[in-house]
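Morning, everyone. Please bring up the sequence and the structure, and I'll walk you through a few places in it.

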Amino acid sequence: MSVTAGPTSAEPTQNHAVLRPHAEIAFASELAALAAQDDRPRPPNWKLSPWAVATYLLGGELPDGSVISPKYVGPRRIVEVAVSTLATDRALLLLGVPGTAKTWVSEHLAAAVSGDSTLLVQGTAGTPEEAIRYGWNYAQLLSQGPSRAALVPSPVLRAMAEGMTARVEELTRIPADVQDSLITILSEKTLPVPELGQEVQAVRGFNVIATANDRDRGVNELSSALRRRFNTVVLPLPASAEAEVEIVARRVEQIGRSLDLPPLPDGITEIRRVVTVFRELRDGITADGRTKVKSPSGTLSTAEVISVVTGGLALAAHFGDGVLRPADVAAGILGAVVRDPASDRGVWQEYLEAVVREREGWTDFYRACREASA
């Protein structure tokens, strides 16, 4: 049985007003450069070889001098294991705390492997089984009965039929009975359509990348049967402050360009300061290991650092002199740290007085945070 649902691969758009182009559009030149230089074996229906996919994610320089920007800053082995998994018949589960770039890595993997990152199922508590299997065009169903024309394929079904990569975001937020509709797909590579007395068999190249937040344990935990169908790769938080600063600076620059914000002159000082604050509160101890601090209820992830700095850049651009200063990031930090006013405000005030106030060179930052907290 074949499934047809119009174009299945993302087509380059000439609309420059798009706020966030898909990875295969935003990095089309890099993908094309890799494809041109890639002479290694490619699995069936892959746009690039596993080596080229890993290079696309981790960055590097090609023999012709083309520079590939890193999309993920972290252990190389993690990326290699993830890419190798997709080259087998095992599905890939990216697991980690919020803000560890699970969705970002998932999107770029799909873009590099299949040239299309849009075959996406967004997991929520209300995700129905049809989002993973298939649905029906009820007007045609009522007038003509069950038929191929009336079938509405899910992103997963489309990926099966065309040998592409499907993505399932926030898998543990999907109800358990809906999750388990993946079991037959992942184990048998087949999706029965009993209404038509037919089945869809996966074309070579098909695979699934799922993401899950390991703080969501107990929400809708995966059954052991489903978990066995995945190879789990845990994405860690950045290992060092400098690695996190690098990630934040790169993403803020990318986001700033998409929002037409001015370049960030000498902003690395404030980025490093925000990263330090978040890491210390997250770890419960200062960077020098001398002072223990209480941790707030929030995750204080790298993604939240990026949000705080981007917001500060907008403030500096529109209401300041374009230079990122402590006053531009103070309110954002307060909003990220104090999620539960009853408990987090005391944690933040204690950290300000015990750590920030005493830190050399942080006087302006301390004053700005005090004003924002008033």
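I'll take the helix packing, then two backbone angles, then some single residues.

One thing before we start: this is a predicted model.

Helix packing, then. Two packed helices are described by the angle between their axes and the distance between the axes. Find H11, residues 241-258. We'll look at H11 against two partners.

The partner to begin with is H13, residues 302-319. The H11 and H13 axes are 9 Å apart, and the packing angle is about 50°. What do we call that arrangement of H11 and H13? Oblique. An angle of about 50° is neither under 35 degrees nor within 65 to 115, so it lands in the oblique class. The crossing of H11 and H13 is right-handed.

Who makes that contact? On the H11 side, Glu244, Ile247, Val248, Arg251, Val252 and Ile255. On the H13 side, Thr302, Val305, Ile306, Val309, Thr310 and Leu313. Sort the residues between H11 and H13 by class and you get eight nonpolar, two polar and two charged.

Now swap the partner for H12, residues 268-283. The axes of H11 and H12 come within 9 Å. They cross at roughly 125°. That makes H11 oblique to H12. H11 passes H12 in a right-handed crossing.

The residues, again by side. H11 brings Ala241, Glu242, Glu244, Val245, Val248 and Ala249. H12 brings Ile268, Ile271, Arg272, Val275, Arg279 and Arg282. How many of these H11 and H12 contact residues are charged? Five, with seven nonpolar and no polar residues.

Note Glu244 and Val248. They are listed for H11 in the contact with H13, and they are listed for H11 in the contact with H12.

Next, backbone angles. Most residues other than glycine have a negative phi. Here are two with a positive one.

Aspartate 260 has phi near 60°, and it is not a glycine. Where is aspartate 260? In the loop between H11 and H12. Aspartate 260 is exposed, at 71% relative accessible area.

The other is glutamate 170, with a positive phi of about 55°. Glutamate 170 sits in the loop between strand E7, residues 165-169, and helix H8, residues 176-179. Buried or exposed? In between: glutamate 170 counts as partly exposed, at 22% relative accessibility. The buried class stops under 20%.

Stay with that loop. Isoleucine 174 is also found between E7 and H8. Isoleucine 174 is buried, at 0% relative accessible area. Its C-alpha is 5.2 Å from that of glycine 123, yet the two are 51 residues apart along the chain. Setting aside close sequence neighbours, which residues does isoleucine 174 contact? Gly123, Thr124, Thr127, Val168, Gln179 and Asn220.

Glutamate 170 comes up again from asparagine 213. Asparagine 213 lies in strand E10, residues 207-213. Asparagine 213 counts as buried, at 10% relative accessibility. Beyond four places in sequence, asparagine 213 contacts Leu95, Gly96, Val97, Pro98, Lys102, Glu170 and Thr172.

Leu95 brings us to valine 233, in strand E11, residues 230-234. Valine 233 is buried, with 5% relative accessible area. Apart from residues within four places in sequence, valine 233 touches Ile78, Val81, Ala82, Leu92, Leu93, Leu94 and Leu95. For a longer reach, take alanine 303: its C-alpha and that of valine 233 are separated by 19 Å, with their positions 70 residues apart along the chain.

Two residues from the earlier part of the chain to finish.

Serine 69 is in the loop between strand E2, residues 67-68, and helix H4, residues 76-86. Its side chain makes a polar contact with the side chain of glutamate 30, at 2.9 Å. Glu30 is also among the residues serine 69 contacts beyond four places in sequence, with Phe27, Tyr56 and Gly59.

Histidine 22 is in the segment before helix H1, residues 23-26. Histidine 22 is partly exposed, at 38% relative accessible area. Leaving out residues up to four places away, histidine 22 touches Glu107, Ser117 and Thr118. The C-alpha atoms of histidine 22 and threonine 124 are 22 Å apart, and the two residues are 102 apart along the chain.

That's my tour. Over to you.

Terms used: Residues numbered from 1 in each chain as written. Predicted model: local features only at pLDDT ≥ 70, side-chain atom pairs only at ≥ 80, totals over all residues. Heavy atoms only, no water. Helix = DSSP H or I, 4+ residues; strand = E, 2+ residues; numbered from the N terminus. Buried < 20%, exposed > 50% of the residue type's maximum accessible area, 1.4 Å probe, protein only. Polar contact = N/O pair within 3.5 Å; in protein donor to acceptor, adjacent residues only side chain to side chain. Contact = heavy atoms within 4.5 Å. Axes fitted to C-alpha atoms, helices over the stretch in contact; angles between N-to-C directions. Parallel < 35°, antiparallel > 145°, perpendicular 65-115°, else oblique. Left-handed = near helix turned anticlockwise from the far one by under 90°. Nonpolar A, V, L, I, M, F, W, Y, C, P; charged D, E, K, R; others polar.
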